[in-house]
Amino acid sequence: MKYVFTSFIWKDEESETFKVYFPDLPDCSAEGKDFQEAFIEAWKALGCYLYELEKNKKPIPQDEYFSNPTQRATIPIEVDLAEIRRIFDTELINKSLRIPKWLDNMAKENKINFSQTLREALKEKLGIYD
């Protein structure tokens with residue numbers, strides 16, 4: 001199940017950290033040295049908090065802010081362009097390669113798909129795991 005909860009993030013001048021508060025979850029908060037770290041820590045804190053409620057069979061409250069459609073919110077939205085490219089940039093292109101004849105012969109004898117093998121090897125080399 002996916003949940004969305006309103007959070008407020010602000011810079012605490014005294015501690016010089018960014019603090020996060022969830023108004024509908026008074027026992028759930030987080031902080032970080034900068035905005036991005038606070039955002040990530042808030043995501044972790046929210047996940048842990050909701051998991052504990054679920055594990056202990058306690059009701060998960062509804063976020064009052066998002067349940068009222070007349071409200072507006074300003075929120076950051078994270079985008080991983082590498083992931084976006086994997087989703088949308090799927091056009092296949094031709095590549096020429098040079099390999100020794102003996103290797104080509106062995107690969108053909110074993111019915112190895114060159115395109116698939118090259119894709120798999122490149123993904124492994126680049127640390128991309130689907």
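**Strand pairing and an aromatic contact between sheet and helix**

Strand S1 and strand S2 (residues 17-21) are paired in the antiparallel sense, with five bridges between them. The model in which this pairing is found is a predicted one. Within the pairing, Lys11 has Phe18 of S2 as its bridge partner. The two strands belong to an open sheet of three strands, arranged in the order S1-S2-S3 with antiparallel pairing. Strand S1 (8-12) and strand S3 (29-32) form the edges of the sheet, each pairing on one side only. From one strand to the next, the twist averages 25°.

Helix H1, which spans residues 35-55, lies across S1, S2 and S3. Relative to S3, the helix runs at about 155°.

Two aromatic pairs were counted in the model. One of them involves Phe18 and Phe35, whose ring centres are 6.1 Å apart. The planes of these two rings meet at 85°, and since the cut-off for an edge-to-face arrangement is over 60 degrees, the pair is classed as edge-to-face. Phe18 is located in strand S2 and Phe35 in helix H1, so the contact between the rings ties together parts that are 17 residues apart in sequence.

The two partners were also assessed for accessibility. Phe18 has a relative accessibility of 18% and therefore counts as buried, the limit for this class being under 20%. Phe35, with a relative accessible area of 37%, is partly exposed, because this value falls between the limit for buried residues and that for exposed ones, which is over 50%. Phe18 thus takes part both in the bridge to Lys11 and in the edge-to-face pair with Phe35.

Notes:
Residues numbered from 1 in each chain as written. Predicted model: local features only at pLDDT ≥ 70, side-chain atom pairs only at ≥ 80, totals over all residues. Heavy atoms only, no water. Pairing = 2+ DSSP bridges. Helix = DSSP H or I, 4+ residues; strand = E, 2+ residues; numbered from the N terminus. Axes fitted to C-alpha atoms, helices over the stretch in contact; angles between N-to-C directions. Contact = heavy atoms within 4.5 Å. Phe/Tyr/Trp six-rings, centres within 6.5 Å; stacked < 30°, edge-to-face > 60°. Buried < 20%, exposed > 50% of the residue type's maximum accessible area, 1.4 Å probe, protein only.
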